[in-house]
Amino acid sequence: MIADTVGEGAGKKIVVEKSTVPVRAAESISHILSRNSKPGVSYQVLSNPEFLAEGTAIADLLSPDRVLIGGEQNDEGKEAIEALKEVYQHWVPEERIMAMNTWSSELSKLAANAFLAQRISSINTMSALCEATGADVSEVAEAIGRDTRIGPKFLQASVGFGGSCFQKDILNLVYISECLNLPEVAEYWAQVIKYNNFQRSRFSKRIVECLFNTITDRNLIWVSHLENTGDTRESATIYISNHLLDEGAKLSIYDPKVTYQQMLTELELVSTAKNLESIPDSVSCCPDPYSAAEG
(Lines give C-alpha, C1' and ligand atoms only; values in the text may rest on other atoms or scores of the structure.)
Protein backbone atom coordinates (compact mmCIF):
# COMPACT_ATOMS: atom_id res chain seq x y z
CA MET A 1 0.00 0.00 0.00
CA ILE A 2 1.18 3.55 -0.77
CA ALA A 3 0.95 4.71 2.85
CA ASP A 4 3.32 1.95 3.95
CA THR A 5 6.08 3.15 1.61
CA VAL A 6 6.08 6.74 2.85
CA GLY A 7 8.06 7.46 6.00
CA GLU A 8 7.12 9.77 8.86
CA GLY A 9 7.60 13.48 8.27
CA ALA A 10 7.69 13.09 4.49
CA GLY A 11 5.39 16.09 4.10
CA LYS A 12 2.92 16.63 1.26
CA LYS A 13 2.42 13.83 -1.25
CA ILE A 14 0.37 13.72 -4.46
CA VAL A 15 -1.26 10.50 -5.67
CA VAL A 16 -2.43 10.61 -9.29
CA GLU A 17 -5.28 8.37 -10.36
CA LYS A 18 -4.73 7.56 -14.06
CA SER A 19 -6.93 4.61 -14.90
CA THR A 20 -10.61 4.80 -15.77
CA VAL A 21 -12.33 4.22 -12.45
CA PRO A 22 -15.81 4.45 -10.95
CA VAL A 23 -16.83 7.99 -10.06
CA ARG A 24 -15.63 9.02 -6.57
CA ALA A 25 -12.86 6.41 -6.56
CA ALA A 26 -10.42 9.20 -5.69
CA GLU A 27 -12.51 10.02 -2.65
CA SER A 28 -12.28 6.40 -1.48
CA ILE A 29 -8.52 6.36 -2.07
CA SER A 30 -8.18 9.59 -0.09
CA HIS A 31 -10.10 8.15 2.85
CA ILE A 32 -7.93 5.02 2.90
CA LEU A 33 -4.71 7.03 2.77
CA SER A 34 -5.81 9.46 5.47
CA ARG A 35 -6.64 6.62 7.85
CA ASN A 36 -3.31 4.91 7.26
CA SER A 37 -0.99 7.89 6.93
CA LYS A 38 1.95 8.39 9.28
CA PRO A 39 2.63 11.54 11.33
CA GLY A 40 3.87 14.44 9.25
CA VAL A 41 2.44 13.09 5.98
CA SER A 42 -0.54 14.43 4.02
CA TYR A 43 -1.97 13.27 0.71
CA GLN A 44 -3.81 14.87 -2.16
CA VAL A 45 -5.44 12.47 -4.64
CA LEU A 46 -5.81 13.84 -8.17
CA SER A 47 -7.85 12.43 -11.03
CA ASN A 48 -5.94 12.55 -14.32
CA PRO A 49 -7.73 10.19 -16.74
CA GLU A 50 -5.99 8.95 -19.87
CA PHE A 51 -7.40 9.47 -23.34
CA LEU A 52 -5.06 7.10 -25.16
CA ALA A 53 -6.20 4.82 -27.98
CA GLU A 54 -4.34 1.60 -28.62
CA GLY A 55 -2.25 1.99 -31.75
CA THR A 56 -1.98 5.78 -31.40
CA ALA A 57 -1.14 6.06 -27.69
CA ILE A 58 2.20 7.86 -28.12
CA ALA A 59 0.72 10.43 -30.51
CA ASP A 60 -2.25 10.91 -28.17
CA LEU A 61 0.12 11.49 -25.25
CA LEU A 62 2.36 13.94 -27.11
CA SER A 63 -0.49 15.93 -28.65
CA PRO A 64 -3.63 15.49 -26.54
CA ASP A 65 -6.94 17.21 -27.31
CA ARG A 66 -7.12 18.03 -23.61
CA VAL A 67 -5.63 17.05 -20.27
CA LEU A 68 -8.01 16.79 -17.32
CA ILE A 69 -6.75 17.30 -13.78
CA GLY A 70 -9.31 16.95 -11.03
CA GLY A 71 -8.69 17.64 -7.37
CA GLU A 72 -10.23 18.96 -4.19
CA GLN A 73 -11.37 22.56 -4.41
CA ASN A 74 -9.44 23.80 -1.40
CA ASP A 75 -6.00 25.39 -1.08
CA GLU A 76 -4.19 22.05 -0.73
CA GLY A 77 -6.06 20.53 -3.66
CA LYS A 78 -5.44 23.52 -5.93
CA GLU A 79 -1.74 23.46 -5.01
CA ALA A 80 -1.55 19.79 -6.03
CA ILE A 81 -3.38 20.52 -9.30
CA GLU A 82 -0.89 23.27 -10.12
CA ALA A 83 2.04 20.91 -9.41
CA LEU A 84 0.77 18.31 -11.88
CA LYS A 85 -0.16 21.05 -14.34
CA GLU A 86 3.47 22.20 -14.38
CA VAL A 87 4.57 18.71 -15.42
CA TYR A 88 2.26 18.71 -18.44
CA GLN A 89 3.17 22.25 -19.43
CA HIS A 90 6.58 20.98 -20.58
CA TRP A 91 4.89 19.76 -23.79
CA VAL A 92 1.16 20.54 -23.63
CA PRO A 93 -0.14 24.09 -24.29
CA GLU A 94 -1.70 25.58 -21.17
CA GLU A 95 -5.05 26.15 -22.88
CA ARG A 96 -5.43 22.39 -23.35
CA ILE A 97 -5.02 21.66 -19.64
CA MET A 98 -8.32 21.73 -17.76
CA ALA A 99 -8.48 21.96 -13.97
CA MET A 100 -11.72 20.88 -12.29
CA ASN A 101 -13.09 19.08 -9.27
CA THR A 102 -12.33 15.39 -8.84
CA TRP A 103 -15.80 14.08 -9.60
CA SER A 104 -16.05 16.12 -12.82
CA SER A 105 -12.73 14.70 -14.03
CA GLU A 106 -13.71 11.09 -13.30
CA LEU A 107 -17.14 11.48 -14.86
CA SER A 108 -15.78 13.27 -17.95
CA LYS A 109 -13.78 10.19 -18.95
CA LEU A 110 -16.84 7.93 -18.71
CA ALA A 111 -19.00 10.49 -20.50
CA ALA A 112 -16.55 10.88 -23.40
CA ASN A 113 -16.50 7.16 -24.16
CA ALA A 114 -20.26 6.90 -23.68
CA PHE A 115 -20.90 9.73 -26.16
CA LEU A 116 -18.61 8.14 -28.76
CA ALA A 117 -20.32 4.77 -28.35
CA GLN A 118 -23.72 6.45 -28.56
CA ARG A 119 -22.67 8.09 -31.83
CA ILE A 120 -21.68 4.72 -33.30
CA SER A 121 -24.99 3.16 -32.26
CA SER A 122 -26.88 6.14 -33.67
CA ILE A 123 -25.40 5.81 -37.17
CA ASN A 124 -25.94 2.05 -37.00
CA THR A 125 -29.65 2.58 -36.35
CA MET A 126 -29.64 4.70 -39.52
CA SER A 127 -27.98 1.83 -41.41
CA ALA A 128 -30.92 -0.42 -40.53
CA LEU A 129 -33.37 2.23 -41.74
CA CYS A 130 -31.36 2.74 -44.92
CA GLU A 131 -31.43 -0.97 -45.73
CA ALA A 132 -35.21 -1.01 -45.23
CA THR A 133 -35.85 2.09 -47.37
CA GLY A 134 -33.18 1.82 -50.06
CA ALA A 135 -31.19 4.81 -48.84
CA ASP A 136 -27.38 4.76 -48.79
CA VAL A 137 -26.07 5.05 -45.23
CA SER A 138 -22.71 6.44 -46.39
CA GLU A 139 -24.51 9.29 -48.15
CA VAL A 140 -26.70 9.92 -45.12
CA ALA A 141 -23.61 9.92 -42.88
CA GLU A 142 -21.86 12.43 -45.14
CA ALA A 143 -24.90 14.69 -45.13
CA ILE A 144 -25.11 14.54 -41.34
CA GLY A 145 -21.37 15.06 -40.92
CA ARG A 146 -21.38 18.27 -42.96
CA ASP A 147 -23.50 19.86 -40.26
CA THR A 148 -20.84 21.77 -38.32
CA ARG A 149 -22.72 21.13 -35.08
CA ILE A 150 -22.26 17.37 -35.58
CA GLY A 151 -19.06 16.83 -37.59
CA PRO A 152 -17.97 13.75 -39.57
CA LYS A 153 -16.14 11.67 -36.96
CA PHE A 154 -17.51 8.33 -35.71
CA LEU A 155 -20.22 8.31 -38.37
CA GLN A 156 -19.10 5.21 -40.25
CA ALA A 157 -21.79 2.51 -40.11
CA SER A 158 -20.32 -0.74 -38.89
CA VAL A 159 -20.99 -3.98 -37.06
CA GLY A 160 -20.88 -2.04 -33.80
CA PHE A 161 -18.23 -0.87 -31.38
CA GLY A 162 -15.80 -3.28 -29.78
CA GLY A 163 -12.98 -3.14 -27.29
CA SER A 164 -13.16 -3.09 -23.53
CA CYS A 165 -13.52 0.64 -22.89
CA PHE A 166 -16.83 1.69 -24.42
CA GLN A 167 -18.96 -1.10 -22.99
CA LYS A 168 -17.22 -1.01 -19.59
CA ASP A 169 -17.63 2.74 -19.23
CA ILE A 170 -21.28 2.73 -20.31
CA LEU A 171 -22.04 -0.05 -17.83
CA ASN A 172 -20.27 2.07 -15.23
CA LEU A 173 -22.63 4.96 -16.04
CA VAL A 174 -25.60 2.61 -15.85
CA TYR A 175 -24.49 1.38 -12.43
CA ILE A 176 -23.88 4.92 -11.11
CA SER A 177 -27.29 6.06 -12.36
CA GLU A 178 -29.04 3.13 -10.70
CA CYS A 179 -27.19 3.76 -7.43
CA LEU A 180 -28.26 7.40 -7.55
CA ASN A 181 -31.89 6.39 -8.16
CA LEU A 182 -31.92 7.66 -11.74
CA PRO A 183 -33.52 4.67 -13.53
CA GLU A 184 -34.41 6.66 -16.66
CA VAL A 185 -30.78 7.72 -17.12
CA ALA A 186 -29.62 4.14 -16.54
CA GLU A 187 -32.10 2.81 -19.10
CA TYR A 188 -31.05 5.41 -21.67
CA TRP A 189 -27.39 4.37 -21.59
CA ALA A 190 -28.24 0.67 -21.35
CA GLN A 191 -30.04 1.01 -24.68
CA VAL A 192 -26.75 1.99 -26.37
CA ILE A 193 -25.26 -1.40 -25.46
CA LYS A 194 -28.52 -3.18 -26.25
CA TYR A 195 -28.54 -1.75 -29.78
CA ASN A 196 -24.85 -2.55 -30.25
CA ASN A 197 -25.58 -6.20 -29.48
CA PHE A 198 -28.54 -6.10 -31.88
CA GLN A 199 -26.32 -4.69 -34.64
CA ARG A 200 -23.89 -7.59 -34.28
CA SER A 201 -26.75 -10.08 -34.47
CA ARG A 202 -28.36 -8.25 -37.41
CA PHE A 203 -25.10 -8.29 -39.35
CA SER A 204 -24.43 -12.00 -38.87
CA LYS A 205 -28.03 -12.80 -39.85
CA ARG A 206 -27.58 -10.71 -43.01
CA ILE A 207 -24.56 -12.83 -43.93
CA VAL A 208 -26.60 -16.00 -43.57
CA GLU A 209 -29.51 -14.54 -45.56
CA CYS A 210 -27.22 -13.42 -48.39
CA LEU A 211 -25.90 -16.98 -48.66
CA PHE A 212 -29.42 -18.38 -49.05
CA ASN A 213 -29.80 -19.24 -45.35
CA THR A 214 -27.12 -21.89 -45.30
CA ILE A 215 -23.43 -21.40 -44.58
CA THR A 216 -22.63 -24.96 -43.55
CA ASP A 217 -19.04 -25.79 -44.53
CA ARG A 218 -18.65 -22.45 -46.32
CA ASN A 219 -15.34 -20.62 -45.84
CA LEU A 220 -15.61 -17.04 -44.62
CA ILE A 221 -12.80 -14.51 -44.09
CA TRP A 222 -12.67 -12.33 -40.99
CA VAL A 223 -10.38 -9.87 -39.18
CA SER A 224 -10.09 -8.30 -35.73
CA HIS A 225 -11.87 -5.12 -34.57
CA LEU A 226 -9.05 -2.61 -34.09
CA GLU A 227 -6.67 -1.88 -36.97
CA ASN A 228 -2.94 -2.42 -36.39
CA THR A 229 -3.37 -3.78 -32.85
CA GLY A 230 -3.69 -7.17 -31.23
CA ASP A 231 -6.60 -6.03 -29.08
CA THR A 232 -9.48 -8.51 -29.40
CA ARG A 233 -11.29 -7.63 -26.16
CA GLU A 234 -15.05 -7.46 -26.72
CA SER A 235 -14.45 -7.45 -30.47
CA ALA A 236 -17.65 -7.53 -32.53
CA THR A 237 -15.79 -9.98 -34.76
CA ILE A 238 -15.71 -12.56 -32.00
CA TYR A 239 -19.47 -12.49 -31.41
CA ILE A 240 -20.30 -12.54 -35.12
CA SER A 241 -17.86 -15.39 -35.68
CA ASN A 242 -19.50 -17.33 -32.87
CA HIS A 243 -22.91 -16.95 -34.51
CA LEU A 244 -21.53 -18.09 -37.86
CA LEU A 245 -19.93 -21.12 -36.22
CA ASP A 246 -23.32 -21.96 -34.72
CA GLU A 247 -24.64 -21.99 -38.29
CA GLY A 248 -21.94 -24.47 -39.35
CA ALA A 249 -19.53 -22.13 -41.11
CA LYS A 250 -15.80 -22.66 -41.41
CA LEU A 251 -13.81 -19.49 -40.78
CA SER A 252 -10.57 -18.49 -42.47
CA ILE A 253 -9.23 -15.70 -40.29
CA TYR A 254 -6.50 -13.25 -41.18
CA ASP A 255 -5.12 -10.69 -38.77
CA PRO A 256 -1.48 -9.55 -38.82
CA LYS A 257 -1.45 -8.81 -35.08
CA VAL A 258 -3.52 -11.62 -33.55
CA THR A 259 -2.22 -15.16 -33.02
CA TYR A 260 -4.20 -18.28 -33.79
CA GLN A 261 -4.24 -19.27 -30.12
CA GLN A 262 -5.57 -15.86 -29.13
CA MET A 263 -8.36 -16.19 -31.68
CA LEU A 264 -9.31 -19.62 -30.34
CA THR A 265 -9.27 -18.38 -26.75
CA GLU A 266 -11.56 -15.44 -27.53
CA LEU A 267 -13.99 -17.65 -29.47
CA GLU A 268 -14.09 -20.23 -26.69
CA LEU A 269 -14.95 -17.52 -24.13
CA VAL A 270 -18.18 -16.59 -25.95
CA SER A 271 -18.98 -19.93 -27.56
CA THR A 272 -22.07 -21.99 -26.90
CA ALA A 273 -21.96 -25.62 -25.92
CA LYS A 274 -23.17 -26.31 -29.46
CA ASN A 275 -19.93 -25.28 -31.15
CA LEU A 276 -17.28 -25.36 -28.39
CA GLU A 277 -15.70 -28.68 -29.35
CA SER A 278 -15.77 -27.95 -33.08
CA ILE A 279 -13.98 -24.58 -32.91
CA PRO A 280 -10.41 -25.85 -33.55
CA ASP A 281 -11.59 -27.79 -36.62
CA SER A 282 -13.75 -24.94 -37.93
CA VAL A 283 -11.28 -22.07 -37.59
CA SER A 284 -8.06 -21.65 -39.54
CA CYS A 285 -5.52 -18.83 -39.29
CA CYS A 286 -4.14 -17.58 -42.59
CA PRO A 287 -0.83 -15.74 -43.22
CA ASP A 288 -2.35 -13.15 -45.57
CA PRO A 289 -5.79 -11.98 -46.78
CA TYR A 290 -5.39 -13.70 -50.16
CA SER A 291 -5.00 -17.18 -48.70
CA ALA A 292 -7.87 -16.45 -46.32
CA ALA A 293 -10.08 -15.49 -49.25
CA GLU A 294 -9.17 -18.74 -51.01
CA GLY A 295 -10.23 -20.67 -47.89
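**Cavity lining.** I began with the second largest cavity and asked which element gives most to its lining; H5 has the largest share, with 3 residues. The model I am reading is predicted. I noted a volume of about 40 Å³ for this cavity. Then I listed its lining: Glu17, Lys18, Ser19, Thr20, Val21, Ser47, Asn48, Pro49, Ser105, Glu106 and Lys109. By class, I get 2 nonpolar, 5 polar and 4 charged residues there. I also looked up how many cavities reach 30 Å³ or more, and the count is 2.

**Second largest pocket.** Next I turned to the open spaces. The second largest pocket has a volume of about 210 Å³. Its lining is made of Arg24, Ala26, Glu27, Ser30, His31, Val45, Gly71, Glu72, Asn101, Thr102, Trp103 and Glu106. Two elements, helix H2 (25-36) and H5, each give two or more residues to this lining. H2 gives the most, with 4 residues. I sorted the pocket lining by class and found 3 nonpolar, 5 polar and 4 charged residues. I see Glu106 in this list, and Glu106 also lines the second largest cavity.

**Leu110.** I stayed on H5, since Leu110 is placed in that helix. Is Leu110 buried or exposed? Its relative accessible area is 0%, so I put it down as buried. I then checked what Leu110 touches beyond four places in sequence: Thr20, Val21, Val23, Asp169, Asn172, Leu173 and Ile176. Thr20 and Val21 are familiar to me from the cavity lining. I also took a distance from Leu110 to Thr237. The two are 127 residues apart along the chain, and 24 Å separates their C-alpha atoms.

**Helix H6.** I moved on to H6, residues 137-145. Which residues of this helix are buried? I found Val137, Ala141 and Gly145. Looking down the axis of H6, I see these buried residues fall within an arc of 70 degrees, so they line one face of the helix. On the face turned away from the buried side, I noted the exposed residues Glu139 and Ala143. I also looked for what covers the buried residues of H6, and the cover includes helix H5 (102-133).

**Nonpolar cores.** I then looked up the largest nonpolar core. It has 18 residues. Those with the most contacts inside it are Leu244, Leu245, Leu251, Leu267, Ile279 and Val283. At least two residues of this core come from each of H8, helix H9 (236-246), strand E6 (250-253) and helix H10 (260-270). H9 gives the most, with 5 residues. I found another core lying apart from this one. That core has 15 residues, including Val23, Ile120, Val192 and Ile193. Val23 was already on my list of Leu110 contacts.

**Ser204.** Back to H8, residues 183-210, where I located Ser204. Its relative accessibility is 2%, so Ser204 counts as buried; the cut-off for that is under 20%. What does Ser204 touch, once residues up to four places away are set aside? I wrote down Ile240, His243 and Leu244. Leu244 is one of the residues with the most contacts inside the largest core.

**Lys85.** I also looked up a lysine. Lys85 sits in helix H4, residues 75-88. With a relative accessible area of 14%, Lys85 is buried. I left aside its neighbours within four places in sequence and read off its contacts as Ile69, Glu94 and Ile97.

**Whole protein.** Last, I checked the overall figures. I count 12 helices and 7 strands in the protein. Its C-alpha atoms fill a box of roughly 75 × 45 × 40 Å along the principal axes. Of the 295 residues, 39% count as buried. I then asked what part of the contacts with a separation of 6 or more joins residues 24 or more positions apart. The share is 74%.

Terms used
Residues numbered from 1 in each chain as written. Predicted model: local features only at pLDDT ≥ 70, side-chain atom pairs only at ≥ 80, totals over all residues. Heavy atoms only, no water. Buried < 20%, exposed > 50% of the residue type's maximum accessible area, 1.4 Å probe, protein only. Contact = heavy atoms within 4.5 Å. Core = buried A, V, L, I, M, F, W, Y, C linked by side-chain atoms within 4.5 Å. Arc of directions from axis to C-beta. 1 Å grid on protein atoms, 1.4 Å probe; cavity = no way out; pocket = protein on both sides within 12 Å on 5 of 7 lines; lining within 4 Å. Points joined across faces, edges and corners; volume = space filled by probe spheres on them. Nonpolar A, V, L, I, M, F, W, Y, C, P; charged D, E, K, R; others polar.
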